[in-house]
Structure formats: C-alpha cells, structure tokens
Amino acid sequence: MKLWGGRFTKEINQLAYQLNASIGFDKRLYKQDIEGSLAHVTMLAKQEILSIEERDQIIDGLKGILFDLENQALVIDDSSEDIHSFVETNLIARIGEVGKKLHTGRSRNDQVALDMKLYIRSEITELDELLKELLKTLLGLMKEHIETYMPGFTHLQKAQPITLSHHLGAYFEMFRRDRDRLFDIYNRMNYCPLGAGALAGTTYPLDREFTAEILGFDGATLNSLDSVSDRDYLIELLSALSTIMMHLSRFSEEIIIWNTNEYRFVEIDDAYSTGSSIMPQKKNPDMAELVRGKTGRVYGALMSILTAMKGLPLAYNKDMQEDKELTFDAIDTVKSCLPVFTDMLRTMRFRKDIMENSAKNGFTNATDAADYLVSHGIPFRDAHGIVGQLVLLCIQKNISLEELTLEEFQSVSPVFKTDIYDAISLKTCVEKRLTIGAPGKAAMEKVIQIYQSYLEED
C-alpha cells in the first residue's frame, strides 16, 4: 500500500518506483518506527483524538507486528515503499479500519525524522560502549608497560626516549575525546520532532512535550520547518565517526610499521593476521590494514551528506533520503572495526628488548646529553653543537652515545665527567621528566589514576 496516490491518475513508472523506494535499507528502522507509533497513539488518546479502545487496538496490533518481526514470523519484503508503509499496511490488515487512524496528526516527514533520531541515539550508546572497551584495553596495557622504554618519534625519526605506556596514553586521549564528541551529539540532538507534521505542524491539539517525554527526549523541537529538514546531527555523527576512524587508522599505521622486519616492535597474534598464497614466510597485518583502508569509506559518507545538504531549501526534500544508507554503512563500518582492533591490540605481543635497544641506538638521549652540559654552565646553543659532534663520532664508529669512552666524550668537551653515563641512561632520561603529561614513572602513575577514575565514573 502507498501512503499517497489519491490525486494521481496512473501508476508510477517501475524504475522510478525502485529509485524512490527506501524499504531496502530503512527496514532496519522497524523497531524505532513502531516505538514512535506507540508513543504517538498514546498521546492521541490522552488528547482524546483517539478513543481508549482505538488506542488499545492499535497498540496491540503494533506490538503484534513487532513480536512477529522479532521472531521472524513476519518478514519485511520489497512490496512496500518504505518501512512506514510496511508497518501501517500490516497494521490495517490485522486490526481493520481503525488502523488507518494511526497516522492522524503526523507526516512521514516528522515520522522519519523521529525514527532516525531514535536509531542514532541507540547506535551512539553502542559505539560508546565499544570505545570504552578500547579505553579499558589501552589502560591495562599502560599499567603493564610503564617502564617499557622505546623511542619517541617526530617525522618518523627517533627523537627522545619515552615509554610504551606514554605512547599508548596519547591514543587514550584521542579515544576519550571521541567519546566526549558522541556525548555532545547525543545531548544536542535529543529533542523530539514528532508532531512537526510535513513542515507546518498540525491543527490537531497534540501534546508534543508528552510524546517527547514518553520517548526519552529532553523536549520537543521548537521549529517545525527545522524539525523535518535537520540533518545536522547526522553530519556531526559522521564527522565524529570519521575522527574515530582517523584515530584507528593512525594507530593501525604505527602497528603496521612496528610489525615490519625492520622494526619488530610487535608481534600480532595469529588470530588477527593472514598469510600469503605464495610466500610461506609471510605474516601480514591485514586487520590493521583493513581498518586503515575502511577509514576512507567513512570519510566518503561524511562528504556525501555534506554535498547532499549543501543546496537544499527548506523544508523536506527527497535528497535527504540519501542520509540513511551512507549513515548506516558508516556506523556498521566503525562498529565492525572497533572490536576487532581492540582484540588485536589486547592480544599483541610487544618486544620490550627490541624497543629499548632501538631507543638506545637512535641517539634519543642526545637532548639529555646537551642538558647535561647546560647544567654545567655551557650555553644550550654551544651544548647542541658539542653533542652533534659526538653523534657524528658515534655514526662513524657505529656505536651509541652510551658506548663512547669518557676520553672520547672529553675529546669534544672537557666538561664531561663519569656521571654522564647515568645522565644519558634511558631510565634517567625518562624518569626525570616529571611534569604532568610527561613519560616519567611518577607522572604516568598520576595520569593512569586519572584515567582509572574516569572509566569508573561512567
């Protein structure tokens, strides 16, 4: 059954119908559509627009449809134009003429706006739980690796020594911000559009605040034009999802690099690796690569909806139907990537010895050698040059700074004493960085406690 057609004298072209129909993808909104309808008829009866008997008949019919859909006794097929007409057609078939009163005081425009908001609220809650699980995994690894030394990088060049705990903490911050963004989106979108009608409200004495309360919204939307044409919350969500994927992709890129024979910082568990069809020695980081690759898919959804919305006049336009497929796909993509990435990270083995040796052999303690000279009265610019000469000497001899003899140190500057070796040890270099946010053990322990409290408060 179509929800329109009285003023038309011929059937819509079949190809045009297929282009127009959305049942193929909006069928996933069946729960939200029925939930919204249950609230709507409850409000209609409260306002005496429907009788109590009519309300109860419609509610029983809707609950029966939901039960049958949940138990696969009823299957959504392509005979209906969209999920709204599917539910209404089945309702009328079950309870008769009274089912035709379901749509009193509403339009498909405010109905679909409601369905999407209900769906997105639920999905945000699920996404938040997945992010929280990732954060728990990160925090567990941070506690375990607070004294696992490794090189910190800039420009993919070894820069200064840090710990693995400190490195992982950077991603904890990223994913914590991602949760904050989802929380903000949830709160900003949590206003009910039902009752806005097609664009100009309705003449029926609806109690929109009552409907909003039943459905768990903070209130009713305040402009009927905006209520049916607002897709800002979807744009914000797709932006937030793109940022989540960007963070996952950055992390994946590092894991891919760390997994190479040249680095060997990590060994990915067999359950999250694949082999080669021709090269038996290969163990490929395919899961990390897939996460990195799927990031572009989510970016594409964001660009698609921005492009679809950029020239639309008020109020509703059919272009807006494009919001569903791309949003559904982006959500599905992020929800598939997060748990796989979390488990891959949880089961990964970190090669502490190789990480530490990489830090030692990469002159990551050169800045600390310069700071040693500064503490003995040498201007920093001069100290910088002195240590640069020492690094050149090490490169020529293929050794690290720690392996230079005291005579070799003093051949460049007589200021160096035997305590230089303690000053440039990785442990000293890291431990003396004690400001909040730095990699020193005491500073990291404070941050870890903050993160622990953050996760326990939720």
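Let us start in the loop that joins helix 11 (286–309) to helix 12 (322–347), because that is where A315 has its place. This is a predicted model, and in it the peptide bond running from L314 to A315 is cis, with omega near 5°.

Two other loops are worth a visit for their backbone angles. One of them connects helix 3 (30–46) with helix 4 (52–70), and E48 is found there. Although E48 is not a glycine, it has a positive phi of about 65°. Is E48 buried or exposed? Its relative accessible area is 72%, so E48 is exposed. The other loop lies between helix 15 (380–397) and helix 16 (406–412), and it holds N398. Here too phi is positive in a residue other than glycine, with a value near 55° for N398. N398 is exposed, with a relative accessible area of 72%.

Now let us turn to the aromatic rings. How many aromatic pairs are there? The count comes to eleven, taking ring centres within 6.5 Å as the rule. One of the pairs is formed by F153 and Y263, whose rings are 6.3 Å apart from centre to centre with 45° between the planes, a tilted arrangement. F153 lies in strand 1 (residues 149–154), whereas Y263 belongs to the loop between helix 10 (232–258) and strand 3 (266–267), so this pair ties together parts that are 110 residues apart in sequence. F153 is partly exposed, with a relative accessible area of 23%, and Y263 is partly exposed as well, at 22%.

Another pair brings us back to helix 16: F409 and Y421 meet edge-to-face, with 5.6 Å from centre to centre and 85° between the planes. F409 lies in helix 16 and Y421 in helix 17 (residues 420–423), so the pair ties together parts that are twelve residues apart in sequence. What about the accessibility of these two partners? F409 counts as buried, since its relative accessibility is 0%, while Y421 is partly exposed, with a relative accessible area of 29%.

Returning to F153 and Y263, you can place both in a wider group: together with W258 and F265 they form one aromatic cluster.

Rings can also have charged neighbours, and two examples round off the tour. K46 lies over the face of F210, at 5.1 Å from the ring centre. In the other example, the ring of F217 has the charged end of R121 sitting over it, 4.3 Å from its centre.

Notes: Residues are numbered from 1 along each chain as its sequence is written. This is a predicted model: local features need pLDDT of at least 70, side-chain atom pairs count only at pLDDT 80 or more; totals for chains, interfaces and linings use all residues. Side-chain values use heavy atoms; hydrogens and water are left out. Helices (H or I, at least four residues) and strands (E, at least two) are DSSP runs, numbered from the N terminus. Buried means under 20% relative accessible area, exposed over 50%, partly exposed in between (1.4 Å probe, protein chains only). Rings of Phe, Tyr and Trp (its six-membered ring) pair if their centres lie within 6.5 Å; planes under 30 degrees apart count as stacked, over 60 as edge-to-face and the rest as tilted. A charge sits over a ring if NZ of Lys or CZ of Arg is within 6 Å of the ring centre and within 35 degrees of the ring normal.
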